[in-house]
Amino acid sequence: MRSIVPLLSLMILLTACGGDPDGAAERSAGSTAVGSNSGPPTITSEPWGVTPEGDSVKLYTLSNANGMTVRVSDLGGIVTEVLVPDRDGNLVDVVLGYDSPDAYVEGSTYFGSIVGRYANRIARGRFELDGTTYELATNNGENHLHGGVRGFDRVLWDAFTVQSGPIPGGPYDVPGAGRASLILSYVSEAGEEGYPGSLNAEVTITLTNGNELKFGYEATTDAPTVVNLTHHGYWNLAGHASGSVLDHGLELRASRYSPVDAGLIPTGELRHVEGTPFDFRTPTRIGDRIGEDDEQLRIGGGYDHNFVLDDWTGDGALRLAARLRDPTSGLALEVLTTEPGLQLYSGNFLDGSDVGKGGAVYGYRNGLCLETQHFPDSPNRLEFPSTVLRPGETYESETVYRIRTT
Ligand code: GLA
């Protein structure tokens, strides 16, 4: 048997290099033991209903050799499910979500989706670029949130699948090498939600045998614009239907955070976390200080703030940003990113009115978002790292969610 392994790897590699739009992986699947618990990760697809406009939606299933399964839709790039074995080997679904595409389109939670063209808030839905003022859709009081009324979370993306074995010397040449990826692309026309420039966005969502779920973002434009893309997953490492996340321990590699005004727009100050409930520099139970009498916690209804990542230099290198751990499942999540900021959102707007997967009721703080990003309202804050993208430049960003048992 051993002698055929390199041949199999080569076949898989060839599939990866020549990947046809949407379907190559399924066709190659016969030679890569889909569903078996060995070999490189795999990707398959199935129909998943239709959008309100009547377009067919698909759900892609990425599986790896450790029994980890991730489901992602071409609708909004939504990660609907992340099933991973806990320390006792029981499969736990660690992200909140809904059962149907309709529920995602109708909801306002952004569960598991790609958010853009600009993740987070832009004050009064307005910014100036090269002397022109642009007016964006306002969908959060007077402010613009997560790309507007119909952001990247609610559009249908073009999908392309890739799976490969180890690539000698390549980025996946690590123990348990290989990857399965869903490559999503979307053209956001000039003027969509008020943004200038037609934006070509591409997001590569990859599962590895290292239990890493990777998001690689790229975008180009034909006119100056602003871009800030992220993944808006709600994590609950005890299981999506297990209640509050307040017992999770969290570590953030951030010595400063962005205080906000009543509309959750940064004031511009980057405040040191020392002596505040925002100090997660050493692992701390989320619930320990969330109820403290702190002006910023009052405004956010809990944590809903941008943290300034200490190690960011703008060199495009992935660095550890956060660690989250649930003591009951023993599952831990590490977040690595090339981004300068991370929004910690403690699910303060969840109120039990959302019926989730399998009828789960998602109450107050039942999920937690770790949104890697450029800082909110950067288009109006020239002192923040820039989110401007110009023709000829490529926006590039990467975030890795790595799950371990502890
Ligand atoms: C973001 C925001 C929150 C909230 C959620 C969606 O994370 O920071 O204030 O709007 O999205 O409910």
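Here are three short exercises, each with a worked solution, on the predicted model shown above.

**Exercise 1. Find out which residues come nearest to the ligand, and which polar contacts its oxygen atoms make.**

Solution.
- Step 1: Start with the surroundings. There are 14 residues around the ligand, and Arg121, His146, His232, Asp304 and Glu371 come nearest.
- Step 2: Sort that shell by class. You should get 6 nonpolar, 5 polar and 3 charged residues.
- Step 3: Now look for N or O pairs, using the cut-off of 3.5 Å for a polar contact. Asp304 has a polar side-chain atom 2.4 Å from an oxygen atom of the ligand. For His146, the distance from a side-chain N or O atom to a ligand oxygen is 3.0 Å. Gln343 also passes the test, with a side-chain N or O atom 3.4 Å from an oxygen atom of the ligand.
- Step 4: Check how covered the ligand is. On its own it exposes 310 Å², and the protein buries 96% of that area.

**Exercise 2. Describe the pocket whose space the ligand takes.**

Solution.
- Step 1: Identify the pocket. The ligand takes up the space of the largest pocket.
- Step 2: Give its volume, which is about 410 Å³.
- Step 3: Walk around the lining. It holds 23 residues, and Ser108, Thr109, Tyr110, Leu145 and Phe349 lie nearest the centre of the pocket.
- Step 4: Divide the lining by class. The result is 7 nonpolar, 10 polar and 6 charged residues.

**Exercise 3. Locate two points of interest in the backbone, one at Arg117 and one at His146.**

Solution.
- Step 1: Go to the bond between Gly116 and Arg117. This peptide bond is cis, with omega about 5°.
- Step 2: Place Arg117 in the fold. Its loop runs between strand 6 (113-115) and strand 7 (121-122).
- Step 3: Return to His146, which you met beside the ligand. Its phi is near 50°, a positive value in a residue that is not glycine.
- Step 4: Place His146 too. You will find it in the loop between strand 10 (144-145) and strand 11 (158-164).

Methods. Residues numbered from 1 in each chain as written. Predicted model: local features only at pLDDT ≥ 70, side-chain atom pairs only at ≥ 80, totals over all residues. Heavy atoms only, no water. Near = heavy atom within 4 Å. Polar contact = N/O pair within 3.5 Å; in protein donor to acceptor, adjacent residues only side chain to side chain. Areas by Shrake-Rupley, 256 points an atom, 1.4 Å probe, with all protein chains shown as cover. 1 Å grid on protein atoms, 1.4 Å probe; cavity = no way out; pocket = protein on both sides within 12 Å on 5 of 7 lines; lining within 4 Å. Sits in = over half its atoms within 2 Å of the grid points. Nonpolar A, V, L, I, M, F, W, Y, C, P; charged D, E, K, R; others polar. Points joined across faces, edges and corners; volume = space filled by probe spheres on them. Helix = DSSP H or I, 4+ residues; strand = E, 2+ residues; numbered from the N terminus.
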